[in-house]
Amino acid sequence: MAWRRLRPGELDHEALWLGVSLAGAAVAGAWFALDLPRPGCPFHALTGCPCPTCGATRCISYALSGQFGAALRMNPLCAAVLAGWAVFDLYAATVLAARLPRFRFETSTLSVPLRCLAVGALLLNWAWLVRTGV
């Protein structure tokens, strides 16, 4: 792990993902502001059991309206991802505006633990959703 300047020709992940996240937030905000139909869950419709991401749309809706406790109860993993997204956006905007070195880490040494963590978080979230009946 290290803080370093971008190398010539290196992809600027901060600029790329900040742009993607801001565009996604704008689309989601417009979708909810226009009260467009919310997508249904085919897994829930077929099985009657919530899928691992059930409640994510409602979680985002609650978060956009400032009801963070309700968002957390609706889908804890989605709420955590939204919080992480906000932290990343602050980091990316700061390093881009101030032209600071970027944080980089070696992905090959962390790929297996990160995948295990992601699968574990998804399974725990699914257990929460099944337990609460979202």
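## Helix α1, end to end

Let's start with helix α1, which covers residues 13-33 of this predicted model. With 21 residues at 1.5 Å a residue, α1 should span 30 Å, and its end C-alpha atoms lie 29 Å apart, so the expectation and the model agree. After the helix comes Asp35, which has a positive phi, near 55°.

## The buried side of α1

Which residues of α1 are buried? They are Glu14, Leu18, Ser21 and Phe32, where buried means under 20% relative accessible area. These residues cover an arc of only 70° around the axis, and therefore sit on the same side of α1. The general rule behind such a pattern is that an α-helix has 3.6 residues a turn, so residues three or four places apart point the same way.

What covers these buried residues? The cover includes two helices, α3 (56-64) and α5 (76-98), together with the strand β2 (102-104).

## Helix α3 and its neighbours

Helix α3 is part of the cover over the buried residues of α1, and α3 has buried residues as well: Ala56, Cys59 and Ala63. Their arc around the axis is only 55°, which means that they are on the same side of α3. Among the elements covering them are α4 (68-74) and α5. Helix α5 thus appears in both lists: it helps to cover the buried residues of α1 and those of α3.

Just after α3 you will find Gly66, with a positive phi of about 85°.

## Stepping back to the whole chain

Now for the wider view. The protein chain has six helices and two strands, and from the N terminus on its elements follow the order β-α-α-α-α-α-β-α. Taken along the principal axes, the C-alpha atoms fill a box of roughly 50 × 40 × 25 Å.

How much of the chain counts as buried? Of its 134 residues, 19% do. If you look at contacts with a separation of 6 or more, 62% of them are made by residues 24 or more positions apart.

## Surface and charge

The accessible surface of the protein chain comes to about 9,100 Å², and carbon and sulfur atoms account for 72% of that area. As for charges, the chain carries 11 positive and 6 negative ones, and the mean positions of the two groups are 5 Å apart.

Methods
Residues are numbered from 1 along each chain as its sequence is written. This is a predicted model: local features need pLDDT of at least 70, side-chain atom pairs count only at pLDDT 80 or more; totals for chains, interfaces and linings use all residues. Side-chain values use heavy atoms; hydrogens and water are left out. Helices (H or I, at least four residues) and strands (E, at least two) are DSSP runs, numbered from the N terminus. The expected span of a helix is 1.5 Å times one less than its number of residues. Buried means under 20% relative accessible area, exposed over 50%, partly exposed in between (1.4 Å probe, protein chains only). The arc is that of the directions from the helix axis to the C-beta atoms. Contact means heavy atoms within 4.5 Å. Accessible areas come from the Shrake-Rupley method with a 1.4 Å probe; for residues, only the protein chains shown count as cover. Lys and Arg count as positive and Asp and Glu as negative; His and the chain ends are not counted. The place of a charge is taken as NZ of Lys, CZ of Arg, CG of Asp or CD of Glu.
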